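Before reading on, it may help to have the sequence and the coordinates open side by side. The paragraphs below go from the overall fold to particular contacts, and each residue named can be looked up in the viewer.

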Amino acid sequence: MAWITRLPRNSIDSFEDLARTFRLNFATSKAHPMSAYAFGRIRQKENESLRKYLDRFKDAALKVQNLTEPVHLHLIISGLDGESPLAMSIYKNPVNDLEEFRRRSDKYIDMEDIQKAYGDTRGRNPNRRSPSKKNKDRDQRGSKKGNDTRDKRSDDRSPRSKYDNYMPLNMSRSRIWKEVAQTEMCNVERSRPLKSKSGLDRNKYCAFHDQNGHITDDCWDL
């Protein structure tokens, strides 16, 4: 609109004149298709999220003409960070087509979003003190008391303290574990729940521990 309103008066006699003038003015703005060679140089950057990399790759793919699915799949996998969880998963269990790649990448994108949201919430929590600060305060308190007081305190040690606030989850713990269990993150180290004196409740089952005693949604370790 800015270009056409600046055309000299009576300079256009026909539609052909308008089309020719338009092409000459905007010739440098013409979109040139990207070659598969240049497309293959797209790589996931250091510390770039999986979501951003795939969005950037998708935008570039629209500029490539006659891009076949096998080439597309090869290039998008080749561009992944070789040490990323998704790349390691594909190395162990290859995907056969773009649809399978999309389903698997969606799971890892969800996990990245959960981890990021959890990290941001912990960083904004003013009531949470760092472990080093807690240890420092505890050492200072202990240095002011005698050996007898320290020994008595160790005998009356209180249970593990909990944080004051937790990030609210947008889905149940059982749903989260179901998603995690389908990725390489399911290999996290986890302890088995202790057997209570009254015996385990056989009517309750925890998928995280693979044991009866409590339900997955009430699992503290998860």
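What follows is a walk through a predicted model, beginning with its secondary structure and ending with single residues in loops.

The protein contains 10 helices and 2 strands, and the order of these elements from the N terminus on is α-α-α-α-α-α-α-α-α-α-β-β. Of its 222 residues, 22% count as buried. Among the contacts in the protein with a separation of 6 or more, 43% are accounted for by residues that stand 24 or more positions apart in the chain.

The nonpolar interior is a natural place to go next. The largest nonpolar core has 21 residues, and those touching the most other members are Phe-39, Leu-50, Tyr-53, Ile-76, Leu-80 and Phe-101. Four helices, namely α4 (50-61), α5 (69-78), α6 (85-92) and α7, each supply at least two residues of this core, and α4 gives the most to it, with 6 residues. A second, separate core consists of 7 residues, including Trp-177, Cys-206, Phe-208 and Cys-219.

Which residues does Leu-80 contact once its neighbours within four places in sequence are left aside? Leu-80 is then in contact with Gln-44, Leu-50, Tyr-53, Leu-86, Ala-87, Ile-90 and Phe-101. Of these contact partners, Leu-50, Tyr-53 and Phe-101 are also named, together with Leu-80 itself, among the core residues that touch the most other members.

The pairing of α4 with α5 can be described in terms of geometry and of composition. The axes of the two helices, α4 and α5, come within 11 Å and cross at roughly 145 degrees, and the crossing in which α4 passes α5 is right-handed. On the side of α4 the contact is made by Tyr-53, Leu-54, Phe-57 and Ala-61, while α5 contributes His-72, Leu-75 and Ile-76. The residues of this contact of α4 with α5 divide into 6 nonpolar and 1 polar, with no charged residue. Two of the residues in the contact, Tyr-53 of α4 and Ile-76 of α5, also appear among the core members that touch the most others.

Helix α4 also carries Lys-52, a residue that counts as exposed at 58% relative accessibility. The C-alpha atom of Lys-52 is separated by 9.8 Å from that of Ile-109, although the two residues are 57 residues apart along the chain.

Charged side chains form another set of links, and the structure holds 7 salt bridges. One of them joins the side chains of Arg-56 and Glu-48, at 3.0 Å from N to O. The two partners differ in their exposure, since Arg-56 is partly exposed, with a relative accessible area of 27%, whereas Glu-48 is buried, with a relative accessible area of 15%.

Helix α7 offers further examples. In the salt bridge between Arg-102 and Glu-99 the distance from N to O is 2.6 Å, and because Arg-102 and Glu-99 are 3 residues apart in helix α7 (residues 98-124), they are separated by about one helical turn. Both side chains belong to partly exposed residues, Arg-102 at 39% relative accessibility and Glu-99 with a relative accessible area of 38%. Glu-100 and Arg-104 meet in a salt bridge as well, at 3.8 Å from N to O; the two are 4 residues apart in helix α7, so that Glu-100 and Arg-104 too are separated by about one helical turn. Here Arg-104 is buried, with a relative accessible area of 16%. Salt bridges that share partners also join Glu-99, Arg-102, Arg-103 and Asp-106 into one network.

Two asparagines deserve a look for their backbone angles. Asn-10 has a phi near 65 degrees, a positive value in a residue other than glycine, and its place is the loop between α1 (2-5) and α2 (15-25), where it counts as exposed at 69% relative accessibility. Asn-47 likewise has a phi near 65 degrees, again a positive value in a residue other than glycine. Asn-47 lies in the loop between α3 (36-39) and α4, and it is exposed, with a relative accessible area of 77%.

Conventions:
Residues numbered from 1 in each chain as written. Predicted model: local features only at pLDDT ≥ 70, side-chain atom pairs only at ≥ 80, totals over all residues. Heavy atoms only, no water. Salt bridge = Lys/Arg side-chain N within 4 Å of Asp/Glu carboxyl O. Buried < 20%, exposed > 50% of the residue type's maximum accessible area, 1.4 Å probe, protein only. Core = buried A, V, L, I, M, F, W, Y, C linked by side-chain atoms within 4.5 Å. Contact = heavy atoms within 4.5 Å. Axes fitted to C-alpha atoms, helices over the stretch in contact; angles between N-to-C directions. Left-handed = near helix turned anticlockwise from the far one by under 90°. Nonpolar A, V, L, I, M, F, W, Y, C, P; charged D, E, K, R; others polar.
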